[in-house]
Amino acid sequence: MERKRLYSILAYAGVLPFVACALLPYLGIVELRNIGSFEYIAGVYGFGIVCFLTGVHWGTFLYKSDASPDNLFITSNAVFLAVFFAFLLDAGALTLFVLLLAFLCLLYIDYRLLKAGLLDSDYYRLRVTVTSIAVVSLVATIATI
């Protein structure tokens, strides 16, 4: 399987839990037994995704720090810490709102990496699409709280 197709499949598969957390309450399902509410599930899952995305930024900075427009150790870590503290404090609507902002910040960092020539345009377009789906899903999930 070609690389572009593989990361596209993984990205779209990765956004499916956000979509499920957004849609299932509208179908009358309010939580998953033994797991928790959908806002909690979206928060935990989003925290994991933010960990992954900030880790990718760290790897990019380690590999190409001289070409990076920002110190990704600092910017990505700040985003991660904001989500971490929001999750510790609330794990509900606050966490989802901070996750929404974090995804937009991480997308902006990717935009800066694209302009610096460190990302390819196909990958960035995919990130825009997947981030848009995640953000809309988080808004829908927040609306059900």
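How many residues does helix α2 have, and how far does this helix reach from its first C-alpha to its last? In this predicted model, helix α2 spans residues 38-64, a run of 27 residues. The distance from the first C-alpha to the last is 38 Å, close to the 39 Å expected at 1.5 Å a residue.

Helix α2 also contributes a set of buried residues, namely F38, I41, A42, G43, G46, F47, V50, L53, T54, H57, T60 and F61. The cover over these buried residues includes the helices α1, α3 (72-89), α4 (93-115) and α5, together with β1 (31-32) and β2 (36-37).

A closer look at one residue of helix α3 is helpful here. S76 is found in this helix, and it counts as buried because its relative accessibility is 0%, with the cut-off for burial set at under 20%. Leaving aside residues up to four places away in sequence, S76 touches T54, H57, W58 and I109. Two of these partners, T54 and H57, are listed among the buried residues of α2.

Next comes the pairing of two further helices. Two packed helices are described by the angle between their axes and the distance between the axes. For α1 (residues 3-23) and α5 (residues 121-143), the axes come within 8 Å and cross at roughly 10°. The two helices are therefore roughly parallel, as angles under 35 degrees count as such. On the α1 side, the contact includes K4, Y7, S8, A11 and Y12, while the residues met in α5 include D122, Y123, L126, T129 and V130. The residues of this contact divide into 15 nonpolar, four polar and two charged.

Terms used: Residues numbered from 1 in each chain as written. Predicted model: local features only at pLDDT ≥ 70, side-chain atom pairs only at ≥ 80, totals over all residues. Heavy atoms only, no water. Axes fitted to C-alpha atoms, helices over the stretch in contact; angles between N-to-C directions. Helix = DSSP H or I, 4+ residues; strand = E, 2+ residues; numbered from the N terminus. Parallel < 35°, antiparallel > 145°, perpendicular 65-115°, else oblique. Contact = heavy atoms within 4.5 Å. Nonpolar A, V, L, I, M, F, W, Y, C, P; charged D, E, K, R; others polar. Expected span 1.5 Å × (residues − 1). Buried < 20%, exposed > 50% of the residue type's maximum accessible area, 1.4 Å probe, protein only.
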